[in-house]
Amino acid sequence: MMRITKSKIIGLVSLLVVFLLIGGILVWRGAQPKPTQLNEVNGYLGGEKIGLFDDARFKKLAEAQGLDVNYRKAGSLAMMDADRKGLDYLFPSSRAAVEYGKAKGVDTSKGDIVFNSPIVLYTHKPVAEALVKSGIMSHDGGVYRMDMAKAVDAMVNNKTWADVGWMSGYGQFRIDSTDPVKSNSGNEYAALVATVLNGGQPATTTSLSRDSAKISAIFSKSGWMETSSEDSFNQFLNLGVGSKPIMVGYESQILDLAVNDPDAWNQVKDDVVIVYPTPTVWSTHVFIPTDADGEILLKLLKSSDVQKLAWERHGFRSADFRGTSSISRFKVPGTLEQISAASELPNNDAMQQLIDILSKGQ
């Protein structure tokens, strides 16, 4: 008779436990719901919103709605001329870009405003201090403001950096922007320049015909212009004061940097200055769905969860200006709680004419 030893009993029990564990795991796995197949959603996205779309929290919210959101970076105007085959959305940064797209045959009927962000200027502290002394800029209550009438007049009259107070500057005074024919921030800055030349009233087709040479001359001072606001801002941060003394951007860019790249923010916070143009213009980020998946993404973007995330981590003011905490949360010096001095953009006919003027100048 075979003797069953203690060690054999332990071995059998261990083997039984292993089988039971494996069986239990297989049963548990079989009882779990199968993972939902995510629908890929693809589209063109303005570069300044990439931080939001790459945010892990945004991706998680999108997955909960069955979406795998992807993008191709493109300027707000350039995306309206680009190949849109197979894309589910367009996400430019202004109503002017939407109207431009409509004129190009893009169906914008389901587009809706998602975020707002004021156009601002970025400069370096030595430049800001010099321009405050000369009177083109002011510094009141910790906030820097650019007098756009004085700035445009200086550019029209070919003033040098030394003429406007910054003795270390090389060449003519200028404000760099993205390409106004391809990118929204540059396009809205051009509209602001044209409006200032029209005495502060939104530019018209008549005023643009009168001022076209001045507008072209102002933009010719910048030479090469980036097509993405994200690229332009990164160049401004990386190349320093000698390359881009002053540039046009979105308020959201510095707020996003402070939250999501604190190391970089700590390196530049004592040098980079945010400046609010007087007046400025609002950049209105309009999402245009082109199919059902795009419409689901639009609904997600307008949800309170995404609106809160977009403000608190990426600096985009909400579409209706409600439900957002104070801008002081970002701890970025010189920011404004409310924008009081803002101009309306010219109408669509004038904006189309402005694009034509600047296209001919390139």
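**Strand β10, helix α14 and the salt bridges**

Within strand β10, Val-272 is the bridge partner of His-124. The model is predicted. The pairing of β10 with β6 runs in the antiparallel sense and spans four bridges. Strand β6 covers residues 112–124. β10 also pairs with strand β8 (residues 143–147). Here the sense is parallel, and there are again four bridges. Tyr-276 of β10 stands opposite Arg-145. Strand β10 comprises residues 272–278. Six of its seven residues are buried, so β10 is largely enclosed by the rest of the structure.

The end of β10 leads to a cis peptide bond. This bond joins Thr-278 and Pro-279, with omega at about 0 degrees. Pro-279 belongs to the loop that connects β10 with β11 (282–289).

Helix α14 spans residues 304–314. Its buried residues are Val-306, Gln-307, Leu-309, Ala-310, Trp-311 and His-314. They pack against helices and strands from several parts of the chain. The helical partners are α2 (50–53), α3 (56–64), α11 (251–260) and α13 (292–301). The strand partners are β6 and β12 (317–318). Thus β6 pairs with β10 and packs against the buried residues of α14. Gly-315 follows the helix and has a positive phi, near 80 degrees.

Two other residues of α14 form a salt bridge. Lys-308 and Glu-312 are joined with their closest N and O atoms 3.1 Å apart. The two are four residues apart in the helix, which means a separation of about one helical turn. In an α-helix there are 3.6 residues a turn, so residues three or four places apart point the same way. Both partners are partly exposed. Relative accessibility is 46% for Lys-308 and 21% for Glu-312. The value for Glu-312 places it in the partly exposed class because buried means under 20%.

In total, the structure holds 13 salt bridges. One of them connects Lys-73 and Asp-231, whose closest N and O atoms are 3.0 Å apart. Lys-73 lies in strand β4 (residues 72–73) and Asp-231 in helix α10 (residues 229–239), so this pair ties together parts that are 158 residues apart in sequence. Lys-73 is partly exposed, at 38% relative accessibility. Asp-231 is also partly exposed, at 27%. The two residues are linked with Glu-230 in a network of salt bridges.

A further salt bridge joins the side chains of Asp-112 and Lys-302, at 2.7 Å from N to O. Asp-112 is in strand β6, whereas Lys-302 is in the loop between α13 and α14; the pair therefore ties together parts that are 190 residues apart in sequence. Both residues are partly exposed. The relative accessibility of Asp-112 is 29%. For Lys-302 the relative accessible area is 39%.

Asp-88 presents another case. This residue is buried but has no salt bridge. The nearest side chain of opposite charge belongs to Arg-72, 8.9 Å away. A salt bridge requires a nitrogen–oxygen distance within 4 Å. Asp-88 is located in the loop between α4 (78–81) and β5 (89–91). Its contacts beyond four places in sequence include Glu-40, Val-41 and Asn-42. They also include Ile-288, Pro-289, Thr-290, Asp-291, Asp-293 and Gly-294.

Positive phi values also occur in residues other than glycine. Asn-158 is one example, with phi at about 55 degrees. The residue sits in the loop between α7 (148–156) and α8 (184–197). Asn-158 is partly exposed, with a relative accessible area of 43%. Lys-331 likewise has a positive phi, near 55 degrees. Its place is the loop between β12 and α15 (348–360). Lys-331 counts as exposed, at 68% relative accessibility.

Conventions:
Residues are numbered from 1 along each chain as its sequence is written. This is a predicted model: local features need pLDDT of at least 70, side-chain atom pairs count only at pLDDT 80 or more; totals for chains, interfaces and linings use all residues. Side-chain values use heavy atoms; hydrogens and water are left out. Buried means under 20% relative accessible area, exposed over 50%, partly exposed in between (1.4 Å probe, protein chains only). Contact means heavy atoms within 4.5 Å. Two strands pair if DSSP finds at least two bridges between them. Lys and Arg count as positive and Asp and Glu as negative; His and the chain ends are not counted.
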